[in-house]
Structures are given as structure tokens and as C-alpha cells.
Amino acid sequence: MHTRPQKTDIRTLAARIWGTMAFLVLVVVAASYFIFQSELQNYIEKEQSKSEKNLSLIEQSLKEEVELVTQDLEFFSRNPAYADYLDQTEIQNDFVVRKTLQAYGEIRGTYHAVKLIDLRGKEQFSLDFTGLSKGKDSLYTLPPSQMQALEQLRARDIFISPIQLYKQGEEVLIPPRPSATFVTPIFRKGKKLGYLFLFFDFTKVLSKLKNLEDKTDTRFLMTDRDGQWLKGPDVYDNFSHILTPGQAKNAQQVYPEIWQKEESLNEAYLNANKGLLGFKHIALSSYILNINRRTFEDKGYYLIALVPKKALVKEARSLLLLLLVYAGLVLLIVLPAFTLLFIRIRKSQSLLARQSKSLAEQNLELSQSKQKLEDSLKAIEGATKEREGYLKKLEKSEQDLQLAQKIAQLTYYSRDIAHEVTEWSKNMAEVFKLDEKNVSVQGPRLKKLIHPEDYLKYQRKWNEAIRERKAFSMVYRIYSQSGGVEYLQDTAQPVVINNRTRYMQGTIQNITERYKNEQALREAKEKAESAAQAKSDFLATMSHEIRTPLNAVLGMANLLKITPLNDRQRDFVQTIEASGDTLLSVINDILDFSKIESGRMSFEEEWFEVNQLLEESLQVVAIGAESKKLRVFYELDRDLPEQIKGDEARIRQCLINFLNNAVKFTQKGHILIKASVVKEATNRVTLRFTVQDTGIGIPEKKQQDVFNAFEQADNSTSRIYGGTGLGLSITKRMVTAMGGEIGVESKEGKGSSFFIELDFASKPPSRPPLSIKPLSLIAEQGEEAKALRSLLVTANIPHQFISFQGKQALAVLPEHTIVLLLSTSASRHEMANLATALAKDHEVHLISNVHRKSPALAKVNIINRPVKLSRLRSITYPLPKAEKENMPLAHTSKDLKILVAEDNPVNQKLILLIFQQLGYQVDMAKNGLEAISKCEEKTYDLVFMDIQMPEMDGIEATAYIRNSRKIKVQPIIIALTANAMQGQKEVYLKAGMDDYIAKPVDFDELTALIEKHGKTE
């Protein structure tokens, strides 16, 4: 009886074992399949990524080649000799032109030929680099159909032909070489003369495709948009549509998948019958820079990357074989072990099941009873905790409310209007500062507590709120229990029932402490404003008191300097002048620092030119730099706008601070200031102004400290180099106030680079007309030569750069060229000899610090550093009308009637001497009253009016003169003052004065004022 059940159990167990084994095999096979698919996909993605990178490299290489051709085409088109060929002007140096062009083509190594075609389509000039035209004297004529495509070309337009095989006439170059024709028109004085053809060799680009094939399993191909092979699967397919038309399949037939895509799809990857196919559409016209338009339909080309199907199959087989081996090993190891484990587990489970079955039945009833009892207890416990939680929250809320009322000194009330009964919160007495024993349930009688001066207003506003059913709010005073005065903020809202105001509910807050604090704050503010005004008045007075004697010191030094002096006396005068300038600089720094700290510095918005800003900034430090034999120059970004709008004076002050520091801390080398574009938008531009030097540098840990007031990189700096340490602090604060950024980059012992970035309104850049005069620059490689070339580019002056090699430069210098010679590290004698030798056959301009020409340099034009953009333009351009208008004015008439009102005896003597030195006779007044009397007695053209004078100051005197009926002809009144505080000029102009000059008086500034307001001869 027991045998059959046992056999049944064994069969069931065996069936389960084999079923489990079958399931495990299925899992292993499925896992292997998914791993195989994943690895194969990874392989495809890797190959695709490689193809993408290679196609991008090819495209980048093609882009660089096209950009170089475009630059060469634009450079050649500016050569005056080519215009001579087309204008049928006699060419004096045809041999030199051809030799120069032949050398250029050999260096480039990527051109087939250069041709000049006139407007009739006839070839006027041809230079072939392939030898195809050797022995052929006849010049061919371009077909009319091709000329029609070129007739619409304007200046700087570029025409590009499709890539074809290079041929001369109808003869193809053997071996065949791919070529594309780049064409641009040539103009002279606005007239089109013909066209410049440049035949570019594309062999180098197609060779890169072949080189990539040798390194990978991928094949790289190239076709035009119609599917014709430029670089095909077989070398015989290349340009087969030209060499053997109709005898070979094109790419559209071999790879139809590409041409089935939408025309707007420029790049894609897909699985084709022949393998993994990737293509990228490129257009040569998209790589052309700085052209206005294109005159042909650029269909473009396809770059194709093909991973052959056999490579994919080979990789798939390798992966599949490897996975099958791994799967077999897993099954051989796991299945026997799993079978034994399964048998043991089943035996254990069977035994445990029999033993636990009876135990489970016995405990079932006990568990059910116990569970019911626990559920009941939990329900009771939960209800109790919930009730306790609500009570605690209620108690906590009440405590929080009382604490908040206590902290805020706030009490709540509700007043019944009909019954005149008020209910208060518990802390009412505390808010009112009353004894709780003396307060009834209805609260205090407000009529007795409110200050008599506030009660009538309180009663009026309270009745108005009830009557008009609106909110009530008022601050009033009350008397506390101690007799003191408390300030209360009373706020209430009406409660309307049946269209009647029944209650007023509100809060009263004791704001005594806040009121006292606000009162103290107001008093402190008034004191601070009074102190600030006193400080401003003190600085204005100190400025006047210091500048007045300093005016005499510097003025007398200037007058003494122009008298005959020996070397020792001249040294003494220069020392006095330098010390006075240093003192004046310190005073100006302190005044600027005070203006910024008080927030009184304002900024103007005017249009100005960037190159003029840099030139004027360099001119300020040029003499100091020259005394230390430092070279100073500037560099301009080609994309700078024509004009920008901002505070030119403040920006110049920042740059001069940078430049003064650069001169101070640089012992040898150069100082460069440059302007570059950081970011552009419509009519907006962000510019960076940078001042670089080769000075002592700043340690990294000290670089940010130099922008702090009275802070320098080293404690010994002020002793060695001088200065207050305020310049950079003032600069930073001004730049920050203008919304800009400031920074420094420096290496100790190797120089520093300070920069500011500011945002401006801008006018688009306008390129000046192209110079027709050839220019050659001879200079050493370096920063100064680089900056000078940037100025030539900005002035639109094409030039040839020749590295300085002494007299060897004569051998490579083209004929009929203007020579711009930059003085180098060579000796002055050597530079003079070279300049003299060049001047025999050329117009020579020498950039140097020579102020007196030697007889040997009689034929050489000297350009002093720093070089100005306008000076470079004058070399190859006629002087523009605008610059003629800005030339110095004619001498002012010496018959001007001038009156000076000045109370200081020393300054009176100084001013008389200054005007005598300038050639003018002046009258002197000691105060405002005397100035009025003289103006009534005599007609004056100019009146220089001091501000602070005894008896009557300059402002009062000016007002009287302007309103006087006795003065028939009103003079030009110019403020002459030592008060240089911000805003003073505006005060003087508002008082009726016409202009302003500060003490110490600068000779050039005084002369400019006289020329501006005086009568010219």
C-alpha cells in the first residue's frame, strides 16, 4: 500500500527537477541573446562615434582650407598691379609680380593657377603652377554663359564653382586633379575692371579620406549633391562622370538610402544593405568669411563613412561564439549543483511541513483571540493619546499667544457700541503700564488716560470709523501709572450686523520703545548729515587753501623753466615741478576718494572714439615713460565699434591710474594698452581695456589687496616708488559705480596686467576706404610689432611684414612701396644707416623717440612714440576733412581785453607773468567789487574770476555783472578757482559763468580756453 505513493512522489520530484533545469537553460540562452545584442549595439555606436569624429575632422580641414583661399583671394584682389593689368596700364614690374606670385604659389602648394579676366571675358594675365599651359602662348576667352554668372558680382563678393577636374581650355590635367575656382571682382575707384580667378587644388583634402581608410575598417567617400563620385569606392570611380561618362554607377545608384532622405536632413546614420552608413552634408559657401552675398546656388557635397557589412558580421560572430562558450560553462557548473540542492531542500521542506501543520492548527484559535484583545486595547490607547495631544496643543497655542502678546506689548479688545462695554485680553494692564488692582472689568477709562492734545483727534477719528464703517488706526499718548508718557498704536475693524456697526474689534500695541528708537535714529541721521556737510566744506576749504599756494609754486616753476638755465638750475626746477605734480596728484586722489565715499560722484554719457581715448591716455605718461626708456604703444581690436557712449573723462582717469602705476613699477621693457570686444549685441558692446607692463609684478597673495584704500603690495613700496595707495582703490570704486568689473593678472618679477570691463551703447564699426598705396613694415617680432599691425588693419592699410635683419631687408623689399620702419634693439647709428639707405629709393617713415633729426635723416620722416592711428592714416591717405577741422586754431588776437580778479598777491604776480609770456596784457582786480567797477568803466572780452575773495566773492560779482545795465557788452566770464570738488563747475555755470579752470593753472589748458572764447586773427 505504501509503494505506489512513494513512486508517485519520485516521479513528481523528477518532473520538477527537469522542468527547473529547462527553465534555467532558457534563462541562460535569453540572457546570452540580450548580452549579444547589447554588445553588438555598443560596437555599432563606437564605430558611429569614430565616423562622426573623422567626418568632423575632414570638415574642419576643408573649412580651414577654404578660409585660407578666401583670405588669399581678398589679399590678391587689393594688389594695385592686378588692377593695372585689367586697366591695360603699362606694367613696369611684370617679372617681379610673376616671380613673387610664383614663390607664393610654391609655398602654399595648393593652387593650380591664377588668372585675370576682363569684363569681355578675355584673359589678361595667367600664371599656371601645374605646367599644363607650358608652351602655349594664346590666352583663352571665357564663354558668355559663364560671364553672365559673374556680371552681378559686387565689391568683395566671392563666386565658387563646383569641384571639377582642372583643365586648360578643354584639355584635362593628367594625372587628373580636382579643382574649384574662386572668383572675386577687382575695382579701382569704384569702377569694376574685371575678375580674379584662383584655381584651388582639392587633392590634399581627398587624400585625407584615403589616409583615414588606411587606419580603420571604415571607408570614407565623397560625392556631389547629385551623387557623382569625387572620391569613390574604387579609384576608377573618381570623377567618372567626367572622364568616362555613363560607364560606372554613381553614388545615388549604389547608396539610394541617402537620397531617399529629406533634402533638409544634413547629417544622419543608418543601417544600409552594405553596412553602417553615415553621411554629412557640407557647403563650401558656409565657410567663406566677410562676404556680402553669394551669386550661385551652392548644392554642396556629401561626406560618406561606410562600415562594411562583413566587418559587422565578423564582430557579431566573435561575440556570439564567446557568449556560447560562457553559457555552456555556466550550465555545466550550475545545473548538477542545482539538482542536488533542489533534492535536499524538497526533503527538508516535506518533513517540516508535516511537523508544523499540527502546531499551526493548535495556535490558530489562540492567535485569533489574542489579536482581538490587542486591537481593542490599541483602540482605547489611541483615543486617549489623541485627546491628550489636543489638550497639549491647545495649551501650547494659548501660551504662545500670551508670549507673543507680551513680547509685542499687544492687547486685544472688543467694544460693544450700543452698551459701551469693552472686553480686554489678560495683559491689558501690562500694555497700558497700569496697576491691575486699579483696573475694572471694563478696562480703563480712555478719556482720563489719553493725553489731552490727542483726545479730541482720537474721538473724531473713532466716531468717523463707526459712522462710515471703516477701519480705525491712530497713534496716541497716554499717562502710565507712574505718571510717564507711553505711545500706543490703536488699530480696529468694525463688525456690521443688520446694516449697523455693533462692535469695534482691534488691538492696542505699546510702541514707546520703537518710537524713542526712531526719534534717536532721526537725530543721529541729522548729525551724520551735518558731519558729512562739514567734511565736504572742510575738503573744499583745504582744496582751496592748498591749491592756491601750489598754483604759485607750479606756475613760477613753469615760467622759470622757459628762461635760460644751466643744467644744475634746470635740474632744480624739474625737481620742484615733479614734487608739485606729486603733491597735486595726492590732493586729487584724496578728493576723488572723498567724492566716492560720500556718493556724490556723478557720471556723464557722451559719444567718443576708443582709439582717441587710448591715444590721449598714453600721451599723459609718454614723457615719463620716455625718461625711463620704456616703449609705450596701444593695440585695437578689429571689431571695435566706431563710437561708444559713456563717461570718457572717468574712463580715461582709470586708464591713466593704471598707466602711471605701470610706468612707476617698470624699469625696462614696454607698456601696452589695448581695447578688445568681449561681447556684442544690437547697439550694445562690452569692452575690455587692459594695461600690460613688464615691471616688478605682484605676489599672488597680494593681488586683491592692491584695490584696498591705502594698501600696497609691499610696505616698502611707498618708500621706494612713492604714492598714497589710493589710485587703484579709486579706480575700482569708479568702475564698480559704472557697473563694470576690474581685475589684475600678475607674476612676480614678470609684470602685471590690469583690466576693466564696461558695457556701452555703441555705433557699428565703419571700415575706412582701402588704401591703394602698398606699404611694407620692417620690425622685429614682438608685442610692439603686433600692436602696430593691429592699427594698420584698423586703418584698412594692406601691408607686407618683413622681419628686421639689418640691411638684408633691402634684398626682399618690393619696389614702389612705402616703408614703415620700427626702431628695434639695434643701435641708433645702425637704424639711421638703414633708414638712410632705404630713403634712396622709397618713402621712409621711422618710428622712434628721436626729437631732433640728424642731417643724415633729412629724407626720413620721423613718427614719435606713442604712434597714433591718425598719423598712420596720413601716410597712405590724404588728410580727411574732419581731421583738417580739428587742426589747431589760428593764433588768438593779442588785442584781447582781459581782466583777472584775484586777491592773492603771489597769484596776481604769477598770472600777470603767465599772460605776458603768452603775449597778452591784462588788468588786475583785487576783489569782486573792484572787478565790477572795472567792467563798468571798460569793455572786456574775457574775465577770469576768482571765487573766494574778500568784500565780494566771484559768484556774487558775476551775478551783479550779468544783471548790470551799465555794462552794455557782456564779457566771457571764466571761473578761476582752487576749489576742485565734484559739482563745483556746475555751480559756477549756473551762477552765470561761461567756463571753468582749476588751480594750479595749466599753460595748455589756459591757452585752449583763450582760443575757445577769444577772437581769432
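Helix α21 (residues 828–839) lies across β26 (775–779), β28 and β29, and runs at about 180° to β28. The model described here is predicted.

**The parallel sheet**

The strands beneath this helix belong to an open sheet of five strands, ordered β27-β26-β28-β29-β30 with parallel pairing. At its edges stand β27 (799–803) and β30 (861–864); each has a single partner strand, so one side of each is left without a neighbour in the sheet. From one strand to the next, the twist averages 25°. Within the sheet, β28 (residues 818–822) and β29 (residues 844–848) pair in the parallel sense through four bridges, and leucine 820 of the pair stands opposite histidine 845 in β29.

**Nonpolar cores**

Leu820 appears again in the largest nonpolar core, a set of 61 residues, where it is among those with the most contacts inside the core, together with Leu614, Leu687, Phe689 and Ile756. Helix α16 (residues 648–664) provides the largest share of this core, seven residues. Which residues are in contact with isoleucine 756, leaving aside its neighbours within four places in sequence? They are Cys654, Leu655, Phe658, Leu687, Arg688, Phe689, Val735, Glu741 and Ile742. A second core, separate from this one, has 47 residues and includes Ala83, Ile158, Leu206 and Leu284. In soluble globular proteins, nonpolar side chains tend to be buried together.

**The antiparallel sheet**

Another open sheet of five strands has the order β15-β14-β18-β17-β16, and its pairing is antiparallel. Its edge strands are β15 (421–424) and β16 (472–479), each of which pairs on one side only. The twist from one strand to the next averages 25°. Strands β17 (residues 485–497) and β18 (residues 500–510) run antiparallel and are joined by 10 bridges; glutamine 493 has glutamine 505 in β18 as its bridge partner. Helix α12 (residues 452–468) lies across β14 (410–416), β16, β17 and β18, and runs at about 155° to β16.

**Strand β9 and its partners**

Strand β9 (residues 219–224) is mostly covered, with five of its six residues buried. β9 pairs with both β13 (residues 301–308) and β10 (residues 229–231). In the first pairing, aspartate 224 stands opposite tyrosine 301 in β13; in the second, threonine 223 stands opposite tryptophan 229 in β10. The hairpin of β9 and β10 has four residues between the strands, and glycine 227 there takes a positive phi near 90°.

The table collects the strand pairings described above.

| Strand pair | Sense | Bridges |
|---|---|---|
| β28 and β29 | parallel | four bridges |
| β17 and β18 | antiparallel | 10 bridges |
| β9 and β13 | antiparallel | six bridges |
| β9 and β10 | antiparallel | two bridges |

**Helix α26**

In helix α26 (residues 954–963), the buried residues are Gly954, Ala957, Thr958 and Ile961. They span an arc of only 100° around the axis, which puts them on the same side of α26. What do these buried residues pack against? Their partners are α25 (928–937), β33 (942–946) and β34 (972–977). The N-terminal end of α26 is capped by aspartate 953, a side-chain oxygen of which lies 3.2 Å from the backbone nitrogen of isoleucine 955.

Note on methods:
Residues numbered from 1 in each chain as written. Predicted model: local features only at pLDDT ≥ 70, side-chain atom pairs only at ≥ 80, totals over all residues. Heavy atoms only, no water. Buried < 20%, exposed > 50% of the residue type's maximum accessible area, 1.4 Å probe, protein only. Arc of directions from axis to C-beta. Contact = heavy atoms within 4.5 Å. Polar contact = N/O pair within 3.5 Å; in protein donor to acceptor, adjacent residues only side chain to side chain. Pairing = 2+ DSSP bridges. Axes fitted to C-alpha atoms, helices over the stretch in contact; angles between N-to-C directions. Core = buried A, V, L, I, M, F, W, Y, C linked by side-chain atoms within 4.5 Å.
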